[in-house]
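User: Please take me through this structure. Keep the answers short, and show the reasoning.

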Amino acid sequence: MALSLYDASIPGFVLMLKNLAALLAKAEAHAKATGIDPQTYLDKRLAPDMGTFTAQIQLASDAAKGGAARLAGVTPPSFPDTETTWDQVKARVANTIAFLESLDAAKFNDDPERTVEMPVPGRTLTFTARDFLFTIALPNFHFHVVTAYGLLRAAGVPLGKMDYLAGGRPEALAA
């Protein structure tokens with residue numbers, strides 16, 4: 001059985017975004033329990049030249065919706081990077097999941113050799129669909145999700161590896 005571009009992308013994007021939503025919920029609960037305003041997490045960063053926690057959420061969202069849209073040959077929804085509150089960050093994740101879940105698997109045209117273009121400042125990068133998925137879309141997405149996880153850990157939120165891997169599936173944590 002061949003693995004489709006849809007199957008290699010959308011379920012993983014959705015799973016990790018649901019896990020990210022669960023990390024946000026756990027961070028919010030921890031903040032409430034310790035008297036911290038979860039807003040304080042939004043400006044956390046690992047290094048002065050890295051994006052903030054909010055930026056990591058925005059970039060993870062952009063990587064998932066942009067990557068999926070390029071693979072499906074559709075226009076991704078525009079989510080301006082205007083989130084300034086905890087609730088807006090949570091909504092960004094939820095809206096990204098909703099977009100991904102709305103995509104029709106048939107749109108992915110399972111030709112892994114077809115051309116996918118990605119505009120970047122000053123030029124356009126060209127890939128096969130397979131190379132785009134496995135060398136750009138997935139690694140970029142996971143980079144930003146794991147960075148958001150790391151920022152919450154560094155801020156004292158009690159998270160573990162299973163929260164990262166299965167936080168959106170509570171039944172997986174119970175085993």
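User: What relative accessibility puts Ala 155 in its class?
Analyst: Three classes apply: buried is under 20% relative accessible area, exposed is over 50%, and partly exposed lies in between (1.4 Å probe, protein chains only). Ala 155 counts as partly exposed, because its relative accessibility is 22%.

User: At what pLDDT do side-chain atom pairs count?
Analyst: Residues are numbered from 1 along each chain as its sequence is written, and side-chain values use heavy atoms, with hydrogens and water left out. This is a predicted model: totals for chains, interfaces and linings use all residues, local features need pLDDT of at least 70, and side-chain atom pairs count only at pLDDT 80 or more.

User: Which elements flank the loop that holds Ala 155?
Analyst: Elements are DSSP runs numbered from the N terminus: helices are H or I with at least four residues, strands are E with at least two. Ala 155 sits in the loop between H4 and helix H5 (161-166).

User: How far is Ala 155 from Ala 94, C-alpha to C-alpha?
Analyst: Along the chain, Ala 155 and Ala 94 are 61 residues apart. In space, their C-alpha atoms are separated by 23 Å.

User: How are helices H2 and H4 oriented to each other, roughly parallel or roughly antiparallel?
Analyst: Axes are lines fitted to C-alpha atoms, for helices over the stretch in contact, and angles run from 0 to 180 degrees between N-to-C directions. The axes of H2 (residues 53-72) and H4 (residues 129-154) come within 9 Å and cross at roughly 160 degrees. Under 35 degrees counts as roughly parallel, over 145 as roughly antiparallel, 65 to 115 as roughly perpendicular, and the rest as oblique. The crossing angle therefore makes H2 and H4 roughly antiparallel.

User: How many residues of the contact of H2 with H4 are nonpolar?
Analyst: Nonpolar covers Ala, Val, Leu, Ile, Met, Phe, Trp, Tyr, Cys and Pro; Asp, Glu, Lys and Arg count as charged; the others, Gly among them, are polar. The contact of H2 with H4 has one charged residue and five polar ones, and its nonpolar residues number 17.

User: What handedness does the crossing of H1 and H2 have?
Analyst: The axes of H1 and H2 come within 10 Å and cross at roughly 160 degrees. H1 and H2 are therefore roughly antiparallel. A crossing is left-handed if the near helix is turned anticlockwise from the far one by less than a right angle, and right-handed if clockwise. H1 passes H2 in a crossing that is left-handed.

User: Which helices does the salt bridge of Glu 28 and Lys 90 tie together?
Analyst: A salt bridge is a side-chain nitrogen of Lys or Arg within 4 Å of a carboxyl oxygen of Asp or Glu. The structure holds nine, and Glu 28 and Lys 90 form one with N to O at 3.0 Å. The pair ties together parts that are 62 residues apart in sequence, because Glu 28 lies in H1 (residues 5-34) and Lys 90 in H3 (residues 86-102). The helices are H1 and H3.

User: How far apart are the closest N and O atoms of Lys 65 and Asp 62?
Analyst: Lys 65 and Asp 62 are three residues apart in helix H2, so about one helical turn separates them. Lys 65 counts as buried at 7% relative accessibility, while Asp 62 is partly exposed at 27%. Their salt bridge has its closest N and O atoms 3.6 Å apart.

User: Which residues share one salt-bridge network with Asp 62?
Analyst: Asp 62 also meets Arg 92, at 2.7 Å from N to O. Asp 62 lies in H2 and Arg 92 in H3, so this pair ties together parts 30 residues apart in sequence. Arg 92 is buried, at 2% relative accessible area. Through shared partners, Asp 62 joins one network with Lys 65, Asp 81, Glu 83 and Arg 92.

User: Which element gives the largest share of the largest nonpolar core?
Analyst: A nonpolar core is a set of buried Ala, Val, Leu, Ile, Met, Phe, Trp, Tyr and Cys residues joined through side-chain atoms within 4.5 Å. The largest has 49 residues, with the most contacts made by Ile 10, Phe 13, Phe 53, Leu 100 and Phe 141. H1, H2, H3, strand S1 (115-120) and H4 each give two or more residues to this core. The largest share, 13 residues, comes from H1.

User: What C-alpha distance separates Leu 71 from Ala 31?
Analyst: Leu 71 lies in helix H2 and is buried, at 0% relative accessible area. Ala 31 is 40 residues away along the chain, and the C-alpha separation is 38 Å.
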